[in-house]
Amino acid sequence: FILLQQRFILVVSLAITALYTSAQADTTLPPKKWWHKFRPDSLVNKNWSFLPIPTLSSSPETGLKAGIAINYFFNTDQKKAGSTTRDSYAYLDLQYSTRNQLFTELYAQTFTSGERYFLRGRIGYADNYERLWGFGNNTVNNKAFEGVTYQRIYSNINAYKQVKNKFFVGIRGNVSITNNIQTPAKDTNFLTAQAGQKQSTVTGLGPTVLWDHRNHPLSPRSGWYTELGVTFHNKALGGNFNYTEWLIDARKYYPLGEFSCLAFQVFAQLNNGNVPWRELPRMGNPTIMRGYFNGRFRDNNYVAAQTEVRFPVHRLANLAFFGSIGQVNRTLEAMSLSDLRIAGGTGLRFIANRKKNITLRFDYAITTDANSGFYIKIGEAF
C-alpha cells in the first residue's frame, strides 16, 4: 500500500510538471483580448502621464457646469535610478455653466531634478457670476444674496530653492485684475463703499518659506507640511491698492496603515490695509471648509482648521470622513469661539493610478448654515 502511494504521488508530480512545461512551451494559447487592458486592475497599474477627466457638476452658484480637466503627471528624475525626487503635476481646467460662466485655469507644481527647486503657480481667466451675502461673520440669510458679474484675469507664482532637508526659501508674486463689475439695481447694494466696487488691479510680491516633508505632494499619507508667506501689494508695483497679506498653512499626516491616515490642517489668511472686495479671503472651497459656497462669508481675516481620516474599503477605493471649523472677521481681536462655523462630510477616493498614487476624489459636505457642496477633484483635499 505504501508503495502504491509513492507511485501515485510520483505519477501526479510528473503529470503536473508535464502540464506546466506544455503550457510554457505552447505558443498557440489565445492572446489577451484588447479590452482586457481597460479592466480596472489594468488601468490602475498603467504608468499614466495624461489623464483627461470630463466633469459635470451642479450648484446654486453656477447652475449646471460642464467641462474637462486635462491632467499631466511627470517626474523630472524619472530616468535616474534610485531618485527620491517626488512627482510633479499640472492641469488645464476648462469649465462652462448654464449661467454663461466661463472658467479657465492652468496650474502646475514642479520639483526639479533632486528637488533643488520647487515651482508652483496658477494663471487663469474667469467670466463669472457669483452670489454676495455681504461681508463679515454675520451676513444675510442664504436666500437674501445679491448677484454680481465680472471678468477677472489672475496669476499667482511661487518659486522656491531648497536650502537643506526639504526646507525651501522663495518668493511669491500675485496679480489680479477684475473689470466690468456689475450688480443688479436694488434698494441696497452690498458693494456700496467697498474697495474695488467698480474695478481693481492688485500686484504683490513677497518672501515665503516652505517645509515639505510629505511622502507625496498630491495624495500624502505621512509627513508634514508648513508654508509661511507674506505678500506686499503696492501701487508702486502697478496695482491701485495698498495692503499686506499673511499666509499660514500647516498640515500633519499620521499613517494608520499602508493605505490609511489621519490628517490635520490649520490655515490662516490675514490682511491689513485697503483690500478690494474681490481679493478678501473667502470661506468655502474644495480644499477646506467644504460645504460652504465659495465666498459665503468673507472679510479681511480668515482662519480655519480641519481633520480627515482616510482608509481603504476596496482594493480600488478609499473612504474618508472630514470635519472643519472656521471664521472670518474684520480683525483677529473680534473673532470669537461662539462665532465659529462648522462643516463636515464624507467622500470616496477611487484609485486612478496606483504607481503614481493618483486618486479621483468625490466629496459631499454640509454645514451648520444649511449649505452643502459636492466636489469632484484629482488628489486629496490637503
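Let us start with one pair of residues: aspartate 363 has tyrosine 375 in β16 as its bridge partner. Before going further, it helps to know that you are looking at a predicted model, in which local features need pLDDT of at least 70 and side-chain atom pairs count only at pLDDT 80 or more, while totals for chains, interfaces and linings use all residues. Residues are numbered from 1 along each chain as its sequence is written, and side-chain values use heavy atoms, with hydrogens and water left out.

Now for the overall picture. The chain contains 2 helices and 16 strands; these are DSSP runs numbered from the N terminus, with helices (H or I) of at least four residues and strands (E) of at least two. Of the 382 residues in the chain, 46% are buried. Here, buried means under 20% relative accessible area, exposed means over 50%, and partly exposed is in between, using a 1.4 Å probe and protein chains only. The accessible surface of the chain is about 19600 Å², and carbon and sulfur atoms account for 63% of that. Such areas come from the Shrake-Rupley method with a 1.4 Å probe, and for residues only the protein chains shown count as cover. Looking at contacts (heavy atoms within 4.5 Å), 58% of those between residues at least 6 apart in sequence join residues at least 24 apart.

Let us return to the strands around our opening pair. Strand β15 covers residues 358–367, and 7 of its 10 residues are buried. Which strands pair with β15? One is β14 (residues 341–353), which pairs with β15 in the antiparallel sense over 10 bridges; another is β16 (residues 372–378), also antiparallel, over 7 bridges. Two strands count as paired if DSSP finds at least two bridges between them. On the β14 side, isoleucine 351 stands opposite threonine 359 in β15. On the β16 side, tyrosine 364 has phenylalanine 374 as its bridge partner.

The turns are worth a look too. β14 and β15 form a hairpin with 4 residues between them, and asparagine 357 in that turn has a positive phi of about 60°. The hairpin of β15 and β16 has 4 residues between the strands as well, and there alanine 370 takes a positive phi near 65°.

Next, turn to the charged side chains. How many salt bridges does a search of the whole structure find? The search finds 23, where a salt bridge is a side-chain nitrogen of Lys or Arg within 4 Å of a carboxyl oxygen of Asp or Glu. Aspartate 363 appears again here: Arg290, Glu308, Arg310, Arg349, Arg361, Asp363 and Glu380 are linked in a network of salt bridges.

Other salt bridges can be followed pair by pair. The side chains of arginine 298 and glutamate 130 meet with N and O 2.7 Å apart. Arginine 298 sits in the loop between β11 (261–273) and β12 (301–314), while glutamate 130 is in strand β5, so this pair ties together parts that are 168 residues apart in sequence. Both arginine 298 and glutamate 130 are buried. Glutamate 227 and arginine 172 form another salt bridge, with their closest N and O atoms 3.5 Å apart. This pair links strand β9 (residues 223–233), home of glutamate 227, to strand β7, home of arginine 172, across 55 residues. Again, both glutamate 227 and arginine 172 are buried.

Arginine 122 gives us a salt bridge with another setting. Its partner is glutamate 105, at 2.9 Å from N to O. Arginine 122 lies in strand β5 (residues 117–132) and glutamate 105 in strand β4 (residues 102–111), 17 residues apart. Is arginine 122 buried or partly exposed? Arginine 122 counts as partly exposed because its relative accessibility is 30%, whereas glutamate 105, at 15%, counts as buried. Arginine 122 also touches other residues, including Tyr91, Tyr107, Tyr154 and Ile157. The C-alpha atoms of arginine 122 and isoleucine 157 are 6.5 Å apart, although 35 residues separate them along the chain.

Our last stop is phenylalanine 190, in the loop between β7 (167–182) and β8 (200–212). Leaving aside residues up to four places away in sequence, phenylalanine 190 touches Leu132, Trp133, Gly134, Phe135, Val140, Ala144 and Glu146. From phenylalanine 190 to glycine 147, the C-alpha distance is 9.8 Å, with the two residues 43 apart in sequence.
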